[in-house]
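Me: Could you take me through one part of this protein slowly, namely the open sheet of three strands, and then show me what else stands out around the chain? I am in my first year, so please connect each step to the one before.

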Amino acid sequence: MMNEREFLKEKKTVDTINARRIFNILWKLKYWLLLSVIIFLTGAYFYIRYTTPLYQKNISVVLNNQQNQYSDNYQLISNTFGGQSNNIIDNQIFLLRSTRLMNEVVKRGNLNIRYFSIGRFIEVEQYTNSPLVFSFIPEEGYKNAYLNMMVSLGPDAKVHIETLSINGIVTEPEIRNANIGEPINTSVGSFVFTAREGIDPNKLSGQLRITHSGEEHTAKVIAGRLMINPASKQTNVLTISLVDMHPKRSEDVLNILMEEYNILSKYYDSQNILSTISFLDERIAGLEEELREVEGSFSSYRSANELLDINSQSQIVMNNDKGYRERLNDVSLQISLLDIIKESIKDENAHELIPANIGVTDGALNASIDHYNQLVIERNIMLAGSSDNNPKVQNANTLLNSLKANIAQSI
């Protein structure tokens, strides 16, 4: 029977033999292993060197919490027809992704024109670092034409157009060697090359690929890459992220987006004020006419009754009926204002802003009008980047019709 010492000795011998065998196998494969290491390191180098990196930029937006202005009745209607308390955030996200808003971003940043410098293995996008500036003046109907061209920059402020394709069709350019600033005509419009500010046109060199896309197409592409999420369920803060190959472009897109968003939001918010101002202008004009008629009637009455001392002869009468006339005028004014509001909501298919804060004394009615106007603004925001067939727009129409019925009932 094998004792413990003999067992350990045999186990050590087996382990030594196995390690030696593995070492011998690896030694025989040493050249293959060395070659594999070289290949992997070379591949890693080229991957890092020539793979275009992606950059992510983030920005936070604080929304005005208008939900606090809503009454319990409005919230009940919203819940009945599927509206939830986060509708305002959803609508703002919808607005930030809208084509209308992104079109303005693309237009301001010239994002539909891209520049790529040609390297040995890959193209590197230049964005604002391109020494050349491309401007396209389209013919009518060709605003969204896609142009793709390869150009070489030479001495004496010359640009050599190597290849040109329009909407995917290879086209022979009118001029192959163009001067800086010289217009080049095509079937879809004309374009011109200029040197970027601060660059001497006579010192241009290198090779570039330039593309021009339609603004709407570019806007849809960028909007599709936007990531917009609430920071949390309890706050009205949105986090907007954009991943792009050029860090400066993603930063510019987010900054311009915020500027255009603030402009558009203020525009929609101002519509309620403008509606009220328009109403007041019309009302003031009507009051001026009424005052002229009253003044004329009073003058005629004074002449007919030979009233010389107006103060002494009319004081008693004026004191007696002053209170009644004031109350009658107040009621008449309220009826007139309510008729105007009723007239503005009689069309079921029209969703226009109702003049607010015009003197109606009923608090519940004023609250309903404020809620209605806010929903009209949100509906217009959704329509800016969609159509009447959008489920959100249809849901808003249902809510507006319900609010109209409540306002009519209050009147």
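Reply: The secondary structure of this protein, which is a predicted model, comes to 10 helices and 13 strands. Of its 411 residues, 34% count as buried, and the accessible surface comes to about 26000 Å², of which 54% belongs to carbon and sulfur atoms. Among contacts between residues at least 6 apart in sequence, 66% join residues at least 24 apart.

Now to the sheet you asked about. Its three strands lie in the order β1-β13-β12, the pairing is antiparallel, and the sheet is open. Because β1 (55-62) and β12 (226-230) stand at the edges with a single partner strand each, one side of each is left without a neighbour in the sheet. From one strand to the next, the twist averages 20°. In general, the strands of a sheet pair through backbone hydrogen bonds, and they may do so in a parallel or an antiparallel way. Here β1 and β13 (residues 237-244) run antiparallel and are joined by eight bridges. To find one such place in the structure, look for N58, whose bridge partner in β13 is S241.

Turning from the sheet to the helices, you will find a nonpolar surface patch of about 800 Å², made by I22, I25, L26, L29, W32, L33, L35 and I39. The elements that give two or more residues to this patch are α1 (4-28) and α2 (30-50), and α2 provides the largest share, with four residues. One patch member to look at closely is L35, which is placed in helix α2 and has a relative accessible area of 41%. Since that value lies between the limits of 20% for buried and 50% for exposed, L35 is described as partly exposed.

Finally, the backbone deserves a careful look in two loops. Most residues other than glycine have a negative phi. N110, however, has a positive phi of about 50° although it is not a glycine, and it is found in the loop between α5 (99-109) and β2 (113-118). Y127 also has a positive phi, near 55°, and is likewise a residue other than glycine; its place is the loop between β3 (123-125) and β4 (132-138). With a relative accessible area of 11%, Y127 is buried, because the cut-off for that word is under 20%.

Methods:
Residues numbered from 1 in each chain as written. Predicted model: local features only at pLDDT ≥ 70, side-chain atom pairs only at ≥ 80, totals over all residues. Heavy atoms only, no water. Pairing = 2+ DSSP bridges. Axes fitted to C-alpha atoms, helices over the stretch in contact; angles between N-to-C directions. Patch = residues over 30% accessible without salt bridge, like charges linked within 9 Å, V, L, I, M, F, W, Y side chains within 5 Å. Areas by Shrake-Rupley, 256 points an atom, 1.4 Å probe, with all protein chains shown as cover. Salt bridge = Lys/Arg side-chain N within 4 Å of Asp/Glu carboxyl O. Buried < 20%, exposed > 50% of the residue type's maximum accessible area, 1.4 Å probe, protein only. Contact = heavy atoms within 4.5 Å.
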